[in-house]
Amino acid sequence: MKNKPSLFYKLQFIYQRMNFSILKHYLTILLLALILSSCNDTVISSIPDYPVYLTLNLSSTYPTFRNSVNEYLVFKKAVLVTDRIGYGGILVYSDFTGDYCAFDLSCPYEAKKTIRVVPNDIGQAICEGCGSVFNISDGIGEPISGKSKQALKQYKTILSGYILYVTQK
């Protein structure tokens, strides 16, 4: 009776015969595919990138904004010399869960510094120009109605003690 070669010997034989240059090309293609399909959280916005840096002291300067829900602050001009308020200004909002979020005041459809969104007390921001309505209550700023198909440009918020920092994402 003739012994059949084991799977190990078959794999070893295939491995020895494999052309390593072909394997190298396959690995390169696989690596490129992984890189190109990786997640990217960069959102392209019609609002140009401008410097953003805002420091809000929730203990002394803005005590009523601390621990607030569905409240907002609007910054059309820098308060301090170090403030950078983005393209059209900054809307800082405390959503219905009490988390802070920030958006550029410029409407992404209009994409002009002077045409801004105006927040209301039901968690929306409405463009003065095109009339687009954005939902800011969830911290995302997605359009609800109107001409705009883009969300409001978001900025990063970091709460450290009683200081709320607003920066670029």
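**Exercise 1. The pairing of strand 8**

Task: In this predicted model, find which residue of strand 9 stands opposite Val133, and place the pair in its sheet.

Solution.
Step 1. The residue of strand 9 that stands opposite Val133 is Ser145.
Step 2. Another facing pair joins the two strands, with Phe134 opposite Pro143 of strand 9.
Step 3. Strand 8 covers residues 133-135, and its antiparallel pairing with strand 9 comprises three bridges.
Step 4. The connection is a hairpin with six residues between the strands; within the turn, Gly139 has a positive phi of about 80 degrees.
Step 5. Strands 8 and 9 belong to an open sheet of four strands, ordered 6-7-8-9, with antiparallel pairing. At its edges are strand 6 and strand 9, each paired on one side only. On average, neighbouring strands of this sheet are turned by 35 degrees against each other, direction ignored.

**Exercise 2. Two loop residues**

Task: State where Lys147 lies and where Asn120 is placed, then list their contacts beyond neighbours within four places in sequence.

Solution.
Step 1. Lys147 sits in the loop that runs from strand 9 (142-145) to strand 10 (154-160).
Step 2. With neighbours within four places in sequence set aside, Lys147 contacts Tyr109, Cys130 and Ser132. From Lys147 to Val133 the C-alpha to C-alpha distance is 8.9 Å, at a separation of 14 residues in sequence.
Step 3. Asn120 belongs to the loop between strand 6 (117-119) and strand 7 (124-127).
Step 4. With the same exclusion of neighbours within four places, Asn120 touches Tyr72 and Ile126. A polar atom of the Asn120 side chain lies 3.0 Å from the backbone nitrogen of Ile122.
Step 5. The relative accessible area of Asn120 is 16%, so this residue is buried, the cut-off being under 20%.

**Exercise 3. Strand 1 and its partners**

Task: Work out which side chains of strand 1 are buried, and which residues are the bridge partners of Tyr53 in strand 3 and in strand 11.

Solution.
Step 1. In a regular strand, side chains alternate between the two faces of the sheet.
Step 2. Strand 1 (residues 52-57) shows this alternation: Val52, Leu54 and Leu56 point to one face and are buried, whereas Tyr53, Thr55 and Asn57 point to the other and are not.
Step 3. Strand 3 (residues 84-85) runs antiparallel to strand 1 and is joined to it by two bridges. The partner of Tyr53 there is Arg84.
Step 4. Strand 11 (residues 163-167) pairs with strand 1 over five bridges, also in the antiparallel sense. The partner of Tyr53 in strand 11 is Thr167.
Step 5. These strands are part of an open, antiparallel sheet of seven strands in the order 2-4-5-10-11-1-3. Strand 2 (71-75) and strand 3 are at the edges with a single partner strand each, so one side of each has no neighbour in the sheet.
Step 6. Elsewhere in that order, strand 5 (residues 100-104) and strand 10 run antiparallel and are joined by two bridges. Phe103 stands opposite Gln154 of strand 10.

**Exercise 4. Cysteines**

Task: How many disulfides does a search of the whole structure find?

Solution.
Step 1. The search returns zero disulfides.
Step 2. For Cys107, the nearest cysteine sulfur is that of Cys127, at 3.6 Å, and Cys107 is in no disulfide. The cut-off is a sulfur pair within 2.5 Å.
Step 3. Cys107 has 0% relative accessibility and therefore counts as buried. Cys101 is also buried, at a relative accessible area of 8%.

**Exercise 5. Aromatic pairs**

Task: Describe the geometry of the pair Tyr62 and Phe75 and of the pair Phe65 and Tyr100.

Solution.
Step 1. Three aromatic pairs are found in the whole structure, two of which are treated here.
Step 2. Tyr62 and Phe75 have ring centres 6.0 Å apart and planes at 80 degrees, an edge-to-face pair. Tyr62 is in the loop between strand 1 and strand 2, and Phe75 is in strand 2, 13 residues away.
Step 3. Both residues are buried: Tyr62 has a relative accessible area of 17%, and Phe75 has 5% relative accessibility.
Step 4. Phe65 and Tyr100 form a tilted pair, at 5.3 Å between centres and 45 degrees between planes. The pair links the loop between strand 1 and strand 2, which holds Phe65, to strand 5, which holds Tyr100, over 35 residues.
Step 5. Phe65 is buried at 3% relative accessible area, and Tyr100 counts as buried at 13% relative accessibility.

Technical notes:
Residues numbered from 1 in each chain as written. Predicted model: local features only at pLDDT ≥ 70, side-chain atom pairs only at ≥ 80, totals over all residues. Heavy atoms only, no water. Contact = heavy atoms within 4.5 Å. Buried < 20%, exposed > 50% of the residue type's maximum accessible area, 1.4 Å probe, protein only. Polar contact = N/O pair within 3.5 Å; in protein donor to acceptor, adjacent residues only side chain to side chain. Pairing = 2+ DSSP bridges. Axes fitted to C-alpha atoms, helices over the stretch in contact; angles between N-to-C directions. Phe/Tyr/Trp six-rings, centres within 6.5 Å; stacked < 30°, edge-to-face > 60°.
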